[in-house]
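Good morning, everyone, and thank you for making time for this. I would like to walk you through one structure that may be new to most of you, and I will take it slowly.

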Amino acid sequence: MIRERGLISVEQYMGLCNALYYATRDPLGAAGDFTTAPEISQMFGEIVGAALADCWLRAGAPADAAFVELGPGRGTLATDALRVLRQAGFAGSVHFVETSPVLRDVQRKLHPDAEWHENLVTIPEGKPLLLVANEFIDALPIRQWIGTKERRILFEGERLEFDVNGAIREDSPARDCVAWEIGAQINLRGGVALIIDYGHVKSGLGDTLQAVGAHRYADVLANPGEQDLTAHVDFEALGRVAAVGKVEVSRAVNQGEWLERLGIGERAAGLAKAHPERAEDVAAERKRLCDPEEMGELFKVMAVHSRAWPAPAGFDG
Ligand code: SAH
């Protein structure tokens, strides 16, 4: 396409590369390109499940509520979260928004009764949502602007190059669209959403587009479609757009603080007691998820809930 058109935008490049990338592989785990929080520890999905279960119970435990995950990867987070939700009495249906046929197959093995969707609109009408999205938004394409000029990509001989460099501002119609849909659907159906990703609390300038392959940072313009392209999530923009749907939007809190407030310490102690041989591993997992130098500060959690539902725990203080 670049050869044909001469130039394409960063947004088109990121969208096309990631569509190919996710459609053709399972990128997660030691043999893949990157590892996510639910792949590090069962405690992550369990805490997500506990946060959703607590909210659902305080909302009066509506029997028709649905568990929804955007970009479920290997289905690990859903397994751990649903174990906790089921223990709390949740018996509702499971819905995955996933475009990758390869990952749908992986998810189907763990969740044979789930339903797959392209977006939230096709989830059966009227169901309140218990929704989670972890490291999903970061994969959606961004635009980059230098002043009023949108940054594009072209060939310089045989090499791809950016057409301009300078102070960069990022935005993302694709992310706005998802944020708007989450707000609108939560408002329409009732329920709660937890959005977890790496990014910043306030909008600002900066180039955050990055490529990761085989657990290393790589050149964004090398091997298009063969490495994971992501950009930091602008939680201020995400919250502002979700709020258009007349829902309550929490502030974005650090993942580490959120997990600690919701009792990852107690859960780690419980696991260590039940499996003494794993005590050191469990402590290391908690550290990786929560330490400010590891994932604890870079990753943020934001909640959206309908006005008739209670606010989820962990966002105060
Ligand atoms: N949430 C998982 C996986 C994160 S990887 C975890 O935490 O481990 C990103 C996930 O989003 C993958 O499942 C990928 O296939 C999916 N995805 C990426 N872009 C998407 C899009 N535009 N629509 C739907 N799913 C998408």
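I will speak about pockets and then about how some of the helices pack.

Before anything else, please keep in mind that what you see is a predicted model.

Let me begin with the largest pocket, which has a volume of about 810 Å³. It is lined by 39 residues, and those closest to its centre are Gly 71, Thr 99, Phe 136, Ala 139 and Leu 140. If you sort the lining of this largest pocket by class, you find 21 nonpolar residues, together with nine polar and nine charged ones.

Which element gives the most to that lining? The answer is H2, which contributes six residues to the largest pocket. Helix H2 covers 10-23, and it is joined by helix H3 at 37-40, strand S2 at 66-70 and helix H7 at 173-189, each of these four supplying at least two residues of the lining. Please remember H7, since I will return to it in a moment.

The second largest pocket has a volume of about 500 Å³. Its lining is made up of 19 residues, and the ones that lie nearest its centre are Phe 34, Thr 35, Val 212, Tyr 217 and Phe 299. Two or more residues of this lining come from each of strand S12 (210-213), strand S13 (216-218), strand S14 (228-230) and helix H12 (292-296). By class, the lining of the second largest pocket divides into eight nonpolar, five polar and six charged residues.

Let me turn now to helix packing. In general, two packed helices are described by the angle between their axes and by the distance between those axes, and I will give both for three pairs.

The pair I take to start with is helix H4, residues 42-58, and helix H5, residues 76-87, which pack at an angle of about 45° with their axes 7 Å apart. H4 and H5 are therefore oblique to each other, and their crossing is right-handed. On the H4 side the contact involves Gln 42, Phe 44, Gly 45, Glu 46, Val 48, Gly 49, Ala 50, Leu 52 and Ala 53, and these meet Leu 77, Asp 80, Ala 81, Arg 83, Val 84 and Leu 85 in H5. Taken by class, this contact of H4 with H5 has nine nonpolar, three polar and three charged residues.

H4 also meets helix H10, residues 264-274, and here the axes come within 11 Å and cross at roughly 130°. H4 and H10 are therefore oblique to each other, and H4 passes H10 in a right-handed crossing. Gln 42, Met 43, Glu 46 and Ile 47 in H4 meet Ile 264, Arg 267, Ala 268 and Leu 271 in H10, and the residues of this contact divide into five nonpolar, one polar and two charged.

That brings me back to H7, whose axis comes within 7 Å of the axis of helix H8, residues 235-242, with the two crossing at roughly 45°. How are H7 and H8 set relative to each other? They are oblique, and the crossing of H7 and H8 is right-handed. From H7, the residues Arg 175, Asp 176, Ala 179, Trp 180 and Gly 183 meet Leu 238, Val 241 and Ala 242 in H8, and by class the contact of H7 with H8 has five nonpolar residues, one polar and two charged.

Thank you for listening, and I am glad to go back to any part of this.

Key
Residues are numbered from 1 along each chain as its sequence is written. This is a predicted model: local features need pLDDT of at least 70, side-chain atom pairs count only at pLDDT 80 or more; totals for chains, interfaces and linings use all residues. Side-chain values use heavy atoms; hydrogens and water are left out. On a 1 Å grid over the protein atoms alone, a cavity is a set of points where a 1.4 Å probe fits but cannot get out, and a pocket is an open set with protein on both sides within 12 Å along at least five of seven lines; lining residues have an atom within 4 Å of a point. Grid points are joined across faces, edges and corners, and a volume is the space filled by probe spheres set on the points. Ala, Val, Leu, Ile, Met, Phe, Trp, Tyr, Cys and Pro count as nonpolar, Asp, Glu, Lys and Arg as charged, and the others, Gly among them, as polar. Axes are lines fitted to C-alpha atoms, for helices over the stretch in contact, and angles run from 0 to 180 degrees between N-to-C directions. Angles under 35 degrees count as roughly parallel, over 145 as roughly antiparallel, 65 to 115 as roughly perpendicular and the rest as oblique. A crossing is left-handed if the near helix is turned anticlockwise from the far one by less than a right angle, and right-handed if clockwise. Contact means heavy atoms within 4.5 Å.
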